[in-house]
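Hi,

Here's the structure I said I'd pass along. Have a look, and my notes follow underneath.

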Amino acid sequence: PYMAPEHRAALYGEATAGPVDERCDVFSLGVVLYELADGQRPPAGEDGPRPAGVAREVAAVVGRCLALDPAARYQTAGELADALDAARMLVGARRALPPADRAARRAALHPFRAVAVITLLP
């Protein structure tokens, strides 16, 4: 269950097998990260599944690791490490910000309406 699709295809001698390289390891690590975050393995055959219960930044990194197309995954472990570090910093920054008040949430949901009200108020 931890094997990348192209690695599995090469193992069984399928003609669609792509090159088996370090991107297979990125996929395998993505399965482990998904399992750590969600408590179960990702759904088989689904392209880029994201675990629930973790920050969206981390879920996006894990989802990219689990892309079925090797070109869509991180190409090296260094790229993956950089992405995880960036996700950690984004989560930390989001937690450090004060919570938005009701008016700010409404303005974010309806930006054009908010700009219209701001220009008409003066």
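To start with Arg 23: which helix does Arg 23 lie in? The answer is α2. Keep in mind that this is a predicted model.

Despite the charged side chain you might expect to find in solvent, have a look at the accessibility: Arg 23 comes out at 13% relative accessibility, so Arg 23 counts as buried, the cut-off being under 20%. The side chain of Arg 23 makes a polar contact of 2.9 Å with the side chain of Asp 21. Leaving out residues up to four places away in sequence, Arg 23 also touches Pro 70, Ala 71, Arg 73, Tyr 74 and Gln 75.

Next, helix α3, which runs over residues 56-65. Its buried residues are Glu 57, Ala 59, Val 61, Val 62, Gly 63 and Cys 65. Among the elements covering those buried residues are α2 (22-38) and α4 (77-96).

Then the cysteines. How many disulfides are there? The count is 0. Why does Cys 24 not form one? Its sulfur is 13 Å from the closest cysteine sulfur, the one in Cys 65, and that is too far for a bond, given that a disulfide needs the two sulfurs within 2.5 Å. Seen from the other end, the closest cysteine sulfur to Cys 65 is the one in Cys 24, again at 13 Å and too far for a bond. Both side chains are out of the solvent's way by the accessibility numbers: Cys 24 is buried at a relative accessible area of 3%, and Cys 65 is buried at 0%.

Cheers

Terms used. Residues numbered from 1 in each chain as written. Predicted model: local features only at pLDDT ≥ 70, side-chain atom pairs only at ≥ 80, totals over all residues. Heavy atoms only, no water. Buried < 20%, exposed > 50% of the residue type's maximum accessible area, 1.4 Å probe, protein only. Helix = DSSP H or I, 4+ residues; strand = E, 2+ residues; numbered from the N terminus. Contact = heavy atoms within 4.5 Å. Polar contact = N/O pair within 3.5 Å; in protein donor to acceptor, adjacent residues only side chain to side chain.
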